[in-house]
Each structure stands twice: as C-alpha cells, then as structure tokens.
Amino acid sequence: NYIIQHNPVPQGFKNGKGNAYETPLRDKRHGRIYRLAWEQARKVAPLDLSKADTALLVATLRNDNLLWRSHAQRLLVERGGTDAIPALVKLVQERSVDSIGLNVGAQHALWSLSGLAATEQTSVRRAVAGALRHRSAAVRRAALAALPRDAAGAKALSEARLLNDVDAQVRLAAFLALAEMPSQETLGAAVFVALRDEVNAGDRWIPHAATAAGARHHRGFLKAATGPAIRGTIQTLPDSVIESLRVVSAHQAAIDSEHGLATVLGLQGASAASAAPVLDGLAAGWPTGKPPAISESDARRLQTLATSLSDSARGSLILLSDRWGRRDLFAAVVVSTAAALRGQLATDALQDAERISLARRLITLDDRSESVKSVLALITPQTPPATAAGLLQSVAVSRQPATGDDLLSAWPGLTPAARRATVSTLLRRAEWAQSLLGAVEAGRLDRTDVANDQWGQLRNNPDRMVAERARDLSGRKAIKSNAEMEAVIEKLMPVARRTGDLARGRQVFETACLICHPLNGKGQRIGPDLTGIGIRPKGELLVEILDPNRSVEANYRLWTVLTRDGETVAGRLDTETATSVEILDTAGQKHSIQRKEIKSIEASTQSLMPSGFEQLPPDDLAGLLEYLADSAKTK
C-alpha cells in the first residue's frame, strides 16, 4: 500500500471510509490486515503486571509468551533502579537451553540490563562477556547487542571468536558490534580474514556489515588485504569482497587521506585482485584539493608501482593521480596503458561486464575523442540493450565538450533502445545537451527521437540556455492552468466509456509506459507498479494519465542534481544517506552522488511521468485504458 495511515490527516487530503485519507494511490483492494487464531490453542489467562514487584517481573522474563516477557522487560526498564540487577545477572548466567535451543530468560535479561544502562558495572560486564559463549545462539546475539562499545568489549568479542560463529545471525551481530568499537589494526585484519570466508562472502547481508566494520578499522582491514601476509594467496576475490575493498578504501581516503598514500605505496607486490579495487576506492573518495605530500622517494616508488600493476590497476592509479593533480608522475605510462586498454576492449573473450568496466577505465584514463569513438564502435545492432547502456554509461564519465558530437555521430547505427540511452547520456552535461538540441534544430534528429520525459528534463535543465532552447524546440504547447486541464479531461472523458482495441493498447503501453512502470512483473521500476491498477474505473485512470501532476507522491517527483564539475543527473530520488544520494534516471540507470560533489539539488513539483498524453489519438487512449483494465483480470 503506497499510503500508510497517520493522524492527523495531512493537509490537502480528506477522510474517506474507515477514516483513511483518500488519494488516487490508496490501495483499496489489498490494504487489509487479517488476524488468524487457532481455535484449539491453549487458553491462558492474561497477566496483570501493573502492580508486580521486581521479583515477579524478573520471573516473568522466562514466561513462554513473548507478550508478557516484553511487558515485564519494559516495566523493569521504565521503573529504573538497581534492585533488579543481581537477579538479571543470575538469569544471564543460566546456561540451559530449551528444546529449540533458546534461553528466553537470559535474552530478556540482557536486553533489560542494556535498557537500564547497567552494562558498565563490573558484575554485569563479566556476565555479558560470559554470555558471548552461551550455548544459545540467540543469547550470544543478545550479548553482542549489550556489549559495551569500548576496547574491553572488543577484546571480549575477539576472544569469543564470534566472527567465526556457526550461526550467521551471530556473525552479523559481531561485525556490526565491531563497526561501533574503537579502531584497531588487529580488528581490521580479523574482519578482512572473516569476510574472505566463502560462507560470509556469499551471504546477502554479512558483507555489508563486514564493510561497516572494515571502514571503522580501515587501516588494519586494507593492510590485511594487501600486505605481505596475504600476497601470493589471492588470485581472485568474490564480488562482495571486491566491493567491500572499494568502499573501505573510499572511506579511508575521505577521512584519513594522510594515511592513504601509505596504503598506495603498500600495494607494491599486492595481487591485482586486491590492488585494483583499493585504488578505485581511493580515487573515488579522495577529497578534492587535498593532495598528499609526495617526496622524491615517494615519487620513485609510485613510478615503480605503476610498472608492476596490471593495465586495469594502473589505470586506477593514474585516475588517483588526477585527484592529486599529479598526473605528471605517470606521463610515460599513460599512452601505453591507454593503448593496451583499447586492445583489450577489442578482444572477443571479454564478458560484457568486463568490457564495460574496461571502457570506463579507458575513458577515465584517456579522455579524448579517439577513446570515446573506440568505445562507441563496440555498440552495434547485435549488442544487447543492457550492454549498450553500460558502454554509454562509460562514455558518460568523459568531461570533453566534443563527446556530445561523438555520441551523435554514432546515432545512425544505433537501435531504438541504444538511442534512448544515448539521449539520456547527452542530458548529463550542458554542452552535450546543446549538441543534442542543435541536431534537432538542424533536422539530423527528429523531435520524436527525444522522448517526452527527456524533453521534460531538458526544459527543467539547471542551465538556463539549455532550458530555454528546449522549450522553444519541444514543439508542445504547455497546459498552463487547472482550468485548461479540466477542459481537456472533460473533452476526452468519453474515451473512457468506449471499448478500446486491446492489441493497440498493448502497443501504446509497451512504447510509452513500460520504460518506467512495471506491470505484472515486466517493466522498469522507475515509477509506481501498475499491477492491479486496472480494477479502478477507466475514468480515474484517464485523469491520472492526462494529469500526472494532480497528486504527486514525494518519492515520484523529478529531482535534478547538478554536480560541481557540471554534470546533470535527473530522475527519482531512490536513496538518501548522510553522505550521498542515489538518483534513478528515466533510463533505469542508478547514479550514486557524494554530497560533497553536489552543487545544487532541486525537487520539482512535477511528476516524473511526462505530460502530453492528451496529444495521443483517441483510439490510442481508448486502447491503453482497455489494456490496463484487462491486465487486472485473472489470467
């Protein structure tokens, strides 16, 4: 359900049935909660704990009903005081487990002690440390949650060897606990060794927790990944470990750049599997305008390192030198490395992901028209759409004004999917957008080669000249008032009462809607999922199609980010953290942008969905409505 009910009712909405506020996005079919109860369940009289003394509350922590245990824990914490601590410690020290391996009393006792802020007391510390070795995995996990986040806590965790625990939930909690403890090189090394274990590297969640722990103890983590003890033992690394190395390296560059140079110099002799992601991360995270102090001895060591690295890792090192403003250190190897990368790109043995990665490295290393054209030459009518989009994303790292013209030169040989991805790439920089508009103005591109949503981005471009030129060229009269829109809706409402052509509607949907909306498991997840939307009256659907800006949920507005180096990214704000934002553009590509690189970020009041559907022929609109209605039927 898109709408989660809150009170008071938000301004602008009215209450409907069940006191829920009404918006067109409210799910009236699935928004229900059911409670199932077993008729033969054992009848248990409810407890009244309102006047229970401390002894009764502690005893209730062992009740077989979670509700009463939770109430007892809450009351103990809310009442505060220290009188319950000895009894709680005694509960924690019980080593027994039930038939399914639980000791619920010990778990709730640990949570209660944590809630009472009693874990600094010596007796409590001793009990918590002992619980790290409890027979019950659930108790070990609860003990990790209660463990003080200090050096003594880290020592207890290490001695209990919980990074190698047989239970995945305990290992996850151990990594997360380490992520909050004082930085120590030995802990970082232990985190990397544990992450390399295939049972951890292959887990869905543990690599994320290990990355957080590695970032906290980054010096030891990166030394373990690249130092003498590991050299010669790493040939390949799982993707999750490679990504972790990138993230931890970027974190080190951002917060400890003074040590970053030592990390780079320590890569001499490191395996290519670990050196490349470490250099990638350092290059991505290194703060602008803060180059390291490089002595003559350091310079010689860096040049020696460059000759020992693989072509891929060498390209990452040269990119890092760009962040330092010291590409002169590697002037002699840039040309040969770029030539080697171009040669590798042309080989047939590469997987698509490898080819895309190499293309990005080439453009980053040698941002010239020759490199751009060599990547674009890889895009043929036989290239899968996802691969073509990835190669075009590689071209997008270019910063040269001429790249826009290079992209347009490749236009005649591109498939429709690749052309859409090319236009999305051209929107990334103002000078490229001007090249695109110039091609439309000169007739080399038809206006319809630029999709409605892309015209919308051009008209809202942060560059005023691009925006004004796009408004002049888009050739569509904007509806400027609600009265005008209501008149359009009233004029076209008879379409909703017709029976449309289903095949024609499918074609319209697949051409205009599937690129952003999923329906019955197919399509991009840029806009809302339309599965089941056909149960709504056709008239309501027509209003939503014609006037997408009538009721815009915040997460489906158009956001435009302008970076400090002049790049423009527009789309849905997918994720936001303290340090970055992620934009999902209308081509389905996700862009992660560091906040420190953002010059401006603006949210339009307009929907991501383009307007202008009133220009479709009435038969197309009728068919589209018929197709949506038919999609909700049970097949």
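Which residues have the most contacts inside the largest nonpolar core? They are L88, L144, F175, V264, L302, L436 and L458, in a core of 137 residues. The model is predicted. The points below cover the cores, helix α17 and selected salt bridges.

**Nonpolar cores**
- L436, one of the residues with the most contacts inside the largest core, touches L408, V423, L426, L427, L445, V450 and L458, leaving aside residues up to four places away in sequence.
- A second core, separate from the largest, has 25 residues, among them L492, A496, I533 and L541.

**Helix α17**
- Helix α17 runs over residues 311-324 and has 14 residues. From its first C-alpha to its last it reaches 20 Å, close to the 20 Å expected at 1.5 Å a residue.
- At the N-terminal end, S310 acts as the cap of α17, with a side-chain oxygen 3.2 Å from the backbone nitrogen of A313.
- A313 is itself buried, as are R314, G315, S316, L317, I318, L320, S321 and W324.
- The cover over the buried residues of α17 includes α14 (257-265), α15 (272-285), α16 (296-308), α18 (331-345) and α19 (352-365).
- Just after the helix, G325 has a positive phi of about 75°.

**Salt bridges**
- The model contains 36 salt bridges.
- E94 pairs with R62 in a salt bridge whose closest N and O atoms are 3.3 Å apart. E94 sits in the loop between α3 (85-92) and α4 (104-115), and R62 in the loop between α1 (54-60) and α2 (66-79), so this pair ties together parts 32 residues apart in sequence.
- E94 counts as partly exposed because its relative accessibility is 22%, and the lower limit for that class is 20%.
- R429 and E431 form a salt bridge through their side chains, at 3.3 Å from N to O. R429 is buried, with a relative accessible area of 6%, whereas E431 is partly exposed at 28%.
- D620 and R504 also meet in a salt bridge, at 2.6 Å from N to O. D620 belongs to helix α30 (residues 618-631) and R504 to helix α28 (residues 502-512), so the bridge ties together parts that are 116 residues apart in sequence.
- In this pair, D620 counts as buried at 13% relative accessibility, while R504 is partly exposed with a relative accessible area of 34%.
- E243, R246, D280 and R361 are joined into one network by salt bridges that share partners.

Definitions and conventions: Residues are numbered from 1 along each chain as its sequence is written. This is a predicted model: local features need pLDDT of at least 70, side-chain atom pairs count only at pLDDT 80 or more; totals for chains, interfaces and linings use all residues. Side-chain values use heavy atoms; hydrogens and water are left out. A nonpolar core is a set of buried Ala, Val, Leu, Ile, Met, Phe, Trp, Tyr and Cys residues joined through side-chain atoms within 4.5 Å. Buried means under 20% relative accessible area, exposed over 50%, partly exposed in between (1.4 Å probe, protein chains only). Contact means heavy atoms within 4.5 Å. Helices (H or I, at least four residues) and strands (E, at least two) are DSSP runs, numbered from the N terminus. The expected span of a helix is 1.5 Å times one less than its number of residues. A polar contact is a pair of N or O atoms within 3.5 Å; within protein, one must be able to donate a hydrogen and the other to accept it, and residues adjacent in sequence count only if both atoms are side-chain atoms. A salt bridge is a side-chain nitrogen of Lys or Arg within 4 Å of a carboxyl oxygen of Asp or Glu.
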